[in-house]
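Me: Could you take a close look at one helix for me and describe how it sits in its surroundings? I would also enjoy hearing about the charged pairs around the elements that pack against it.

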Amino acid sequence: MADTFHLASDSVELTAALVDVPSVSGDEARIADLVERSLEEQTALEVTRSGNTVLARTNLGRPSRVVLAGHLDTVPINDNMPSRLENGILHGCGTVDMKGGDAVMLHLAATVQDPRHDLTFIFYDCEEVDAVRNGLGRIEREMPEWLKGDLAIVCEPSNGVIEAGCQGTMRVDVRTKGVRAHPARAWMGVNAIHALGEALRRLEAYEARQVEIDGCLYREGMLAVRVSGGVAGNVVPDEAVLQVNHRFAPDRTPAQAEQHLRELFEGYDVTVTDVSAGALPGLGAPTTRELVEAAGGTPVAKLGWTDVARFAALGMPAVNYGPGDPLLAHTQQENVPVHQIRQCVDVLRRFLSRPASSL
């Protein structure tokens with residue numbers, strides 16, 4: 001394998017080269033090495049590294065800065081390596097989530113010679129695992145100046161359309177207590193699993209909100225994702241836990257979402273186990289409007305959580321824009337139409353480059 005990627009080559013070939021370097025979460029060292037060396041060949045860029053996160057930026061004194069971010073890791077390989085190109089479709093682990101987006105960023109880093117904005121490129125590790133390991137979170141804690149800008153573009157798969165903001169996500173444990181007893185004398189105990197019945201009925205009857213913000217429709221969700229409990233086949237269970245996932249529109253804060261959950265499960269012991277705030281669309285910001293104009297079409301709401309929320313929390317407008325269908329992410333059938341990769345390159349090049357009349 002070569003020691004660098006050819007960043008100025010065809011963006012589809014670059015995507016395939018990225019896919020063919022395995023980079024399951026926690027094992028990104030090899031791909032980070034290649035990305036770092038490849039960016040160091042671009043003399044106009046300041047390049048640095050934190051763990052397996054690689055960062056690069058221009059320092060041209062432009063009045064504004066755009067941050068482009070993408071993660072290098074993938075979910076575990078599922079008999080979908082190496083990449084293969086068939087009938088204009090590139091198949092392979094990470095083609096959608098999100099090496100197609102990484103290829104777009106790398107190609108732009110090498111080929112946008114005179115940008116209208118200063119540019120920052122962040123290629124980070126461990127996005128697909130627990131949030132505490134997320135490389136972007138580490139950069140926020142240790143190198144926050146690298147995240148500053150007027151707009152952040154997270155090149156997660158969005159089918160080549162602008163996905164604005166994102167919904168928040170919260171997981172809670174709804175816990176019940178009982179009393180152990182022998183099943184032959186069940187009346188001597190209290191069955192904690194049975195006590196979850198009312199909580200499940202509340203979930204079944206729950207009607208999720210639909211919220212329109214800046215013309216984008218966010219659809220909330222609330223569902224049980226795990227049930228645990230029981231001691232043995234001959235013991236009345238004395239504890240049970242129902243894990244609930246709530247996806248909430250970005251007009252709600254995490255505190256408001258938590259209050260909503262506690263009201264829904266009033267009478268139960270509710271513990272928040274994981275939470276990430278959402279991000280408002282931010283489509284009114286001048287730099288965001290320029291990007292929307294370059295992309296054409298109508299922005300849509302991002303229903304899943306992405307790292308745009310980290311940038312929004314820093315006071316920056318942030319959007320998702322990248323090639324690939326999000327519905328194929330993490331599946332064995334991951335694939336991306338090559339025209340979407342090239343389309344994203346063309347749109348972002350048009351947005352980032354200075355008009356010919358100003359050169």
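Reply: Happy to. Let's start with what lies over helix 5: the cover of its buried residues includes strand 9, strand 12 and strand 13. Please keep in mind that this is a predicted model.

The residues being covered are Gly 197, Ala 199 and Leu 203, the buried residues of helix 5. Looking down the axis of helix 5, you find these buried residues within an arc of 160°, so they line one face of the helix. Turn to the other side of helix 5 and you meet Arg 201, Glu 204 and Ala 205, which are exposed. A general point about helices helps here: an α-helix has 3.6 residues a turn, so residues three or four places apart point the same way.

Now for the charged pairs, beginning with the loops that border these elements. Asp 238 and Arg 180 join their side chains in a salt bridge, at 3.0 Å from N to O. This pair links distant parts of the chain, 58 residues apart: Arg 180 belongs to the loop between strand 9 and helix 5 (197-205), while Asp 238 belongs to the loop between strand 12 (221-229) and strand 13 (239-248). Asp 238 counts as partly exposed because its relative accessibility is 23%, a value between the 20% and 50% cut-offs. Arg 180 is also partly exposed, at 49% relative accessibility. Close by in this account comes a network: Asp 173, Arg 175, Lys 177 and Glu 239 are joined into one by salt bridges that share partners.

Strand 9 brings in another pair. Asp 274 and Arg 171 meet through their side chains in a salt bridge of 3.5 Å, N to O. Here too distant parts of the chain are linked, with Arg 171 in strand 9 (residues 168-177) and Asp 274 in strand 14 (residues 269-276), 103 residues apart. Both partners are partly exposed: Asp 274 has a relative accessible area of 23%, and Arg 171 one of 32%.

For a contrast in burial, consider one more pair. Arg 138 forms a salt bridge with Asp 125, with 3.2 Å between the closest N and O atoms. Arg 138 lies in helix 4 (residues 135-142) and Asp 125 in the loop between strand 6 (118-124) and helix 4, so the pair ties together parts 13 residues apart in sequence. Arg 138 and Asp 125 are buried. For the wider picture, a search of the whole structure finds 23 salt bridges.

Terms used
Residues are numbered from 1 along each chain as its sequence is written. This is a predicted model: local features need pLDDT of at least 70, side-chain atom pairs count only at pLDDT 80 or more; totals for chains, interfaces and linings use all residues. Side-chain values use heavy atoms; hydrogens and water are left out. A salt bridge is a side-chain nitrogen of Lys or Arg within 4 Å of a carboxyl oxygen of Asp or Glu. Helices (H or I, at least four residues) and strands (E, at least two) are DSSP runs, numbered from the N terminus. Buried means under 20% relative accessible area, exposed over 50%, partly exposed in between (1.4 Å probe, protein chains only). The arc is that of the directions from the helix axis to the C-beta atoms. Contact means heavy atoms within 4.5 Å.
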